[in-house]
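Student: Can we go through a model together? I want a few local details and one helix pair.

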Amino acid sequence: MPTWLLAVRAAESKKATDIKVLDLTGITSFADYFVICSGANARQIQAIADEVRMQLKEHAAELPTSVEGYSQAEWVLADYGDLLIHIFSLKSREYYGLERLWRNAKTVEIPVE
């Protein structure tokens, strides 16, 4: 299972909403995939971030090189090298509009479990 899909399944297990995967291969040199999702409140956003970290560590032996925004939990960014995980509050996601910013990226179809 690709690492981005492990992250998606972990986010789904914590009821993340509006999950999107962007394929940035050939568009940028700093990442191949973005996983973008939303949480309803700070506690849920942190729970999503914790679950993604736990699942990627357990099933892919991956740890983030950095995690930003965890304590404020408006926008948590976890950097796994070629994979960046963005977990937003609804307000922050609308404000920053990563999907608009990276509109040239291909949207990856998330397979049904």
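The chat below takes up two residues and then a helix pair.

Tutor: This is a predicted model, where local features need pLDDT of at least 70, side-chain atom pairs count only at pLDDT 80 or more, and totals for chains, interfaces and linings use all residues. Residues are numbered from 1 along each chain as its sequence is written, and side-chain values use heavy atoms, with hydrogens and water left out.

Student: Gln44, buried or exposed?

Tutor: Gln44 counts as buried (under 20% relative accessible area, 1.4 Å probe, protein chains only), because its relative accessibility is 17%.

Student: What does Gln44 touch?

Tutor: Beyond residues up to four places away in sequence, Gln44 touches Lys14, Lys15, Ala16 and Gly39; contact means heavy atoms within 4.5 Å.

Student: Switching to Tyr33. Which strand is it in?

Tutor: Tyr33 is in strand β2, residues 33-39; strands are DSSP runs of E, at least two residues, and helices are runs of H or I, at least four, numbered from the N terminus.

Student: And its contacts?

Tutor: Setting aside neighbours within four places in sequence, Tyr33 contacts Trp4, Val21, Leu22, Asp23, Asp82, Leu83, Leu84 and Val108.

Student: Now the helices. How do α1 and α2 pack?

Tutor: Helix α1 (residues 3-13) packs on α2 at about 140°, with the axes 8 Å apart. Axes are lines fitted to C-alpha atoms, for helices over the stretch in contact, and angles run from 0 to 180 degrees between N-to-C directions.

Student: Which residues make the contact?

Tutor: From α1, Thr3, Leu6, Ala7, Ala10, Ala11 and Ser13; from α2, Ile48, Glu51, Val52, Gln55, Leu56, His59 and Ala60.

How values were computed:
Buried < 20%, exposed > 50% of the residue type's maximum accessible area, 1.4 Å probe, protein only.
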